[in-house]
Amino acid sequence: MNIGSFPPARRRGLLVHAVIITVLATISIWAFLNISRAPLGPILILYLVVILVTLPPLPFFGYRAFSLLRADYVLDRDSLSFNWGLRMEDIPLTDIEWIRPATDLTSPLRTPPLSLPGSILGTTRHADLGTVEFIASTRENLLLVATNKRTYAISPENAAAFLEVFRRATELGSLLPAEAVSQYPSFLLSRAWENLTARFLWISGLLLNLGLVAWVLVLIPTVSRITLGFGPSGTPLEPVPSIRLILLPLLSASLFAAGLLAGLYFFRDKKGEPLAVLIWASSTLTSLLFLLAVLFIVTTPI
């Protein structure tokens, strides 16, 4: 029996997410480059608003793209498992009541909010099925997996082969009783929070970033102009308005958020916990370096 991996369709979803990430990153970089040269006034505030709108969503779309790249449905004689980023589900085959195409439904199945090609994730309500959790990349080839607890909507690229393997697996029966496993990102956050080192690094990084924001907001009205570096000769660059200090908290917070997500991904497995802690430690250290950078900037004579 051909058992194993039945991955979802990835090409269109990765393309959509790549376009979104490229557009947001390009606009953010454009605003960063222009905010360093813009005069103090409405134009500077406009560039700052553009950064605040385009920069925070980047980790979200980056996580969804990476999750799709690693997503998989694994079927064998004992269980069916879904792996999608930080979301993992392992269902014993004996707990599955039926699997059938979503096209068999008499009333249409709505997708969750914020669904995009490649990331149809979340829960929705259906009149006949109740709560349906989507772990899918596309509405095409959508299959419904009904268990005694809830119904899942998945999208293996080769749905016909998946259904055939499931039929043969149920006919042959389970070899060993499998244990049901359900892991949500919120569960992973709770488990990581119980780790004293991780908790210390998270709190430290958060306080450093909040302190950096508060300090910069206090400095901007009191310091008229600053220099953001040195030229090839070692002399300070031309002074610029102090409002540009706001770039440092934005960069620091973005890197801290990206490190938090990356660490959570590796924290899923016991073997990856040391690497996750190392990533969180690096993120916290980076936030501290940004704080020292502001100190260096405001104490550098112009």
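Is leucine 228 buried, partly exposed or exposed? Leucine 228 is partly exposed, because its relative accessible area is 41%, and the partly exposed class runs between 20% and 50%. This is a predicted model. Leucine 228 sits in the loop between strand E11 (225-226) and strand E12 (240-241). Proline 239 is 11 residues away from leucine 228 in sequence. In space, the C-alpha atoms of leucine 228 and proline 239 are 7.5 Å apart.

Now turn to the helices. Two packed helices are described by the angle between their axes and by the distance between those axes. Start with helix H1 (residues 11-35) and helix H3 (residues 57-70). Their axes lie 10 Å apart, at an angle of about 155°. H1 is therefore roughly antiparallel to H3, because angles over 145 degrees fall in that class. The crossing of H1 past H3 is left-handed. On the H1 side, the contact is made by Gly13, Leu14, His17, Ile20, Ile21, Leu24, Ala25 and Ser28. H3 contributes Pro57, Leu58, Phe61, Gly62, Arg64, Ala65, Leu68 and Leu69. Sorted by class, the contact of H1 with H3 has 11 nonpolar, 4 polar and 1 charged residues.

H1 also packs with helix H2 (residues 42-54). Here the angle is about 150°, and the axes are 9 Å apart. That makes H1 roughly antiparallel to H2. H1 passes H2 in a left-handed crossing. From H1 come Leu24, Ile27, Ser28, Trp30, Ala31, Phe32, Asn34 and Ile35. They meet Leu44, Tyr47, Leu48, Val50, Ile51 and Thr54 of H2. This contact of H1 with H2 holds 11 nonpolar residues, 3 polar ones and no charged ones. Leu24 of H1 takes part in the contact with H3 and in the contact with H2. Ser28 of H1 likewise appears in the contact with H3 and in the contact with H2.

Further along the chain, helix H6 meets helix H7 (residues 247-267). The two axes come within 9 Å and cross at roughly 165°. H6 and H7 are therefore roughly antiparallel to each other. The crossing of H6 past H7 is left-handed. H6 supplies Leu201, Trp202, Gly205, Leu206, Asn209, Leu212, Val213 and Val216. H7 supplies Leu248, Pro249, Ser252, Ala253, Phe256, Leu260 and Leu264. The residues of the contact of H6 with H7 divide into 12 nonpolar, 3 polar and no charged.

Two residues of H6 deserve a stop. Asparagine 209 is found in helix H6 (residues 196-222). Why does asparagine 209 count as buried? Its relative accessibility is 9%, and buried means under 20%. The side chain of asparagine 209 makes a polar contact of 2.7 Å with the side chain of serine 252. Beyond its neighbours within four places in sequence, asparagine 209 is in contact with Ser252, Ala253, Phe256 and Ser287. Valine 213 is also in H6. Valine 213 is partly exposed, with a relative accessible area of 32%. Leucine 247 is 34 residues from valine 213 in sequence. Their C-alpha atoms are 10.0 Å apart in space.

The loops come next. Serine 137 lies in the loop between strand E7 (130-136) and strand E8 (143-147). Serine 137 counts as buried because its relative accessibility is 2%. Its side chain reaches the backbone oxygen of alanine 9 at 2.9 Å. Leaving aside neighbours within four places in sequence, the contacts of serine 137 include Pro8, Ala9, Leu68, Trp84 and Ser155. Also among them is the run Leu116, Pro117, Gly118, Ser119 and Ile120. Leu68 belongs to the H3 side of the contact with H1 as well.

Asparagine 141 lies in the loop between E7 and E8 too. Asparagine 141 is partly exposed, at a relative accessible area of 42%. Backbone geometry adds a point here. Most residues other than glycine have a negative phi. Phi of asparagine 141, however, is positive, near 60°. Leucine 114 also has a positive phi, of about 60°, although it is not a glycine. Leucine 114 is placed in the loop between strand E5 (96-101) and strand E6 (120-126). Leucine 114 is exposed, with a relative accessible area of 66%.

Conventions
Residues are numbered from 1 along each chain as its sequence is written. This is a predicted model: local features need pLDDT of at least 70, side-chain atom pairs count only at pLDDT 80 or more; totals for chains, interfaces and linings use all residues. Side-chain values use heavy atoms; hydrogens and water are left out. Helices (H or I, at least four residues) and strands (E, at least two) are DSSP runs, numbered from the N terminus. Buried means under 20% relative accessible area, exposed over 50%, partly exposed in between (1.4 Å probe, protein chains only). A polar contact is a pair of N or O atoms within 3.5 Å; within protein, one must be able to donate a hydrogen and the other to accept it, and residues adjacent in sequence count only if both atoms are side-chain atoms. Contact means heavy atoms within 4.5 Å. Axes are lines fitted to C-alpha atoms, for helices over the stretch in contact, and angles run from 0 to 180 degrees between N-to-C directions. Angles under 35 degrees count as roughly parallel, over 145 as roughly antiparallel, 65 to 115 as roughly perpendicular and the rest as oblique. A crossing is left-handed if the near helix is turned anticlockwise from the far one by less than a right angle, and right-handed if clockwise. Ala, Val, Leu, Ile, Met, Phe, Trp, Tyr, Cys and Pro count as nonpolar, Asp, Glu, Lys and Arg as charged, and the others, Gly among them, as polar.
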